[in-house]
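Reader: Could you take me through this structure? I am in my first year, so please explain each term as you go.
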There are 2 protein chains.
Amino acid sequence: MAQNGSNNVKLLGTWGSPFALRAQVALHLKSVEHEYTEEADVLKSKSDLLVKSNPIHKKVPVLIHGDVSICESLNIVQYVDEAWPSKPSILPSLPQDRAFARFWAHFVDGKCFESIDAVAGAKDDAARMALAGNLMECLTALEEAFQKSSKGGDFFGGENIGFVDIACGGIVGPLSVIEAFSGVKFLSPEATPGLVQWADKFRAHEAVKPYMPNVAEFIEFAKKKFNV
Amino acid sequence: MAQNGSNNVKLLGTWGSPFALRAQVALHLKSVEHEYTEEADVLKSKSDLLVKSNPIHKKVPVLIHGDVSICESLNIVQYVDEAWPSKPSILPSLPQDRAFARFWAHFVDGKCFESIDAVAGAKDDAARMALAGNLMECLTALEEAFQKSSKGGDFFGGENIGFVDIACGGIVGPLSVIEAFSGVKFLSPEATPGLVQWADKFRAHEAVKPYMPNVAEFIEFAKKKFNV
């Protein structure tokens, strides 16, 4: 596959970050040569480069392209799509499809991640089960969006991986961790048949596989991180 | 000015909504003929059309274009820019400028509105003053973004009103309300000279003026709404 010229492209990320994953997948899809810098423990210390290039949020991922820094994962994915306009396109071409994609991507970043964080941070099993309902509602809505937009294909837009897949892909790892810790199956063939198949296809996609930790690695990582 | 054909365009909004304002300004800028429907008291009751067209969030604004519903204000503004690609453009053309615009628009929707809500909802003066610091930090960051991007022009992108202005315009009304209630001046010629001038230019813009309540109307509305 032809490589897009690097023009000095750097990505600051951290292992296991669902947001850094999005940027990695987008860069891979567009075959953008880049240098990846691991911000090893971004919660404890931040590199000077990270603070300088994302002074507002001081978070990964940051894409540095020449003298321009692009922050926030969905913003990076859209930038990559626009700055390297060669195929494949990440956003669809029709305005209504682009609006659909942005809506669901922001739904994932808003309600969906909030529900995941709430379940992950619940103080006991009773609280977790109460909060699990909100997360299931989110996943049911995503399942409907998948059924509506995939039209029998493997991904949200149909046959090809795109913006909603990349946005949603961020929840696959965190979901597997909270499933393991809570014993609740959030993605199941009964409740979310489309999403179960989608998650398998997403994990196995050639633009995702090199960057996506497997479930066991995620759980091991979470155990260490949260001292469980 | 030439009118863009309506093709059955409806906007569901509510008076005083900073988010509906964004959609109204975008439609005006693109001269899109449309029918506006006031959702009179969206906190107490929601029309069937609103619930049907925005089943996930059940909130205004919603833009209905033919048989497509577009929800969430920044999404609507981008949709309007893409579905009616005639000039003026709302998003800039260069990828790095588009990324800059999206970053600050989402900063307003995230940190900025969170800080405004926190100050507005503070239980007493001491709590309000403590929270005011976060809001001032947001406005200082916005001031820097304005200075950096306006290049001597009246708006965030320079001479012409654009995406960041429309996003930021949503905070002008709420800020004037919390200034009136708290006695704290958040926008001032000393701390945020660029934003003070920008807010005046924004309010006076021909695409904003018909939809932007004045400060006294906003305060009166807030007094009734919150029973003050």
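Reader: Through which surface do the copies meet?

Author: The copies meet through the same surface, because 100% of the interface residues of chain B are also interface residues in chain A. Chain B gives 22 residues to the contact and chain A gives 22 residues, where contact means heavy atoms within 4.5 Å.

Reader: Before we continue, what sort of model is this, and how is everything labelled?

Author: This is a predicted model, in which local features need pLDDT of at least 70, side-chain atom pairs count only at pLDDT 80 or more, and totals for chains, interfaces and linings use all residues. Residues are numbered from 1 along each chain as its sequence is written, chains are lettered from A and ligands numbered from 1 in the order in which they are written, and side-chain values use heavy atoms, with hydrogens and water left out.

Reader: Which turn lays chain B on chain A?

Author: A turn of 180° with a shift of 0.0 Å along the axis lays chain B on chain A, with an RMSD of 0.0 Å. That is the relation of a two-fold axis. The copies are superposed by least squares on the C-alpha atoms of residues with pLDDT of at least 70 in both.

Reader: And how much area do the two chains bury between them?

Author: Chain B and chain A bury about 2,000 Å² between them, and 64% of it is on carbon and sulfur atoms. Buried area is the accessible area (1.4 Å probe) that two parts lose on being put together, summed over both.

Reader: How many salt bridges are there between the chains?

Author: There are 4 salt bridges between chain B and chain A; the term stands for a side-chain nitrogen of Lys or Arg within 4 Å of a carboxyl oxygen of Asp or Glu. One of them pairs A:Arg98 with B:Glu82, whose closest N and O atoms are 3.0 Å apart.

Reader: Which elements of chain B touch chain A?

Author: Strand S4 (68–71), helix H3 (73–83) and helix H4 (95–120) of chain B are the elements that give two or more residues to that side. Helices (H or I, at least four residues) and strands (E, at least two) are DSSP runs, numbered from the N terminus. H4(B) gives the most, with 10 residues.

Reader: New topic: is A:Asp81 buried or exposed?

Author: A:Asp81 is buried, with a relative accessible area of 12%. Buried means under 20% relative accessible area, exposed over 50%, and partly exposed in between (1.4 Å probe, protein chains only). A:Asp81 lies in helix H3 of chain A.

Reader: What does the side chain of A:Asp81 make a polar contact with?

Author: The side chain of A:Asp81 makes a polar contact with the side chain of A:Lys30, at 3.0 Å. A polar contact is a pair of N or O atoms within 3.5 Å; within protein, one must be able to donate a hydrogen and the other to accept it, and residues adjacent in sequence count only if both atoms are side-chain atoms. A polar atom of the side chain of A:Asp81 also lies 2.9 Å from the backbone nitrogen of A:Ile90.

Reader: What about A:Cys168, buried or exposed?

Author: A:Cys168 counts as buried, at 1% relative accessibility. Its place is in helix H6 (residues 163–182) of chain A. Leaving aside neighbours within four places in sequence, A:Cys168 is in contact with A:Val108, A:Leu142, A:Phe156 and A:Trp198.

Reader: Back to charges: how far apart in sequence are B:Asp125 and B:Arg128?

Author: B:Asp125 and B:Arg128 are 3 residues apart, about one turn of the helix, and both lie in helix H5 of chain B. Their side chains meet in a salt bridge (2.8 Å, N to O). B:Asp125 is exposed, with a relative accessible area of 56%, whereas B:Arg128 is buried, at 17%.

Reader: Lastly, where is B:Pro61, and which peptide bond there is cis?

Author: B:Pro61 is in the loop between helix H2 (48–53) and strand S3 (62–65) of chain B. The peptide bond from B:Val60 to B:Pro61 is cis, with omega near 0°. Most peptide bonds are trans. Another cis peptide bond joins B:Lys87 and B:Pro88, with omega about -5°.
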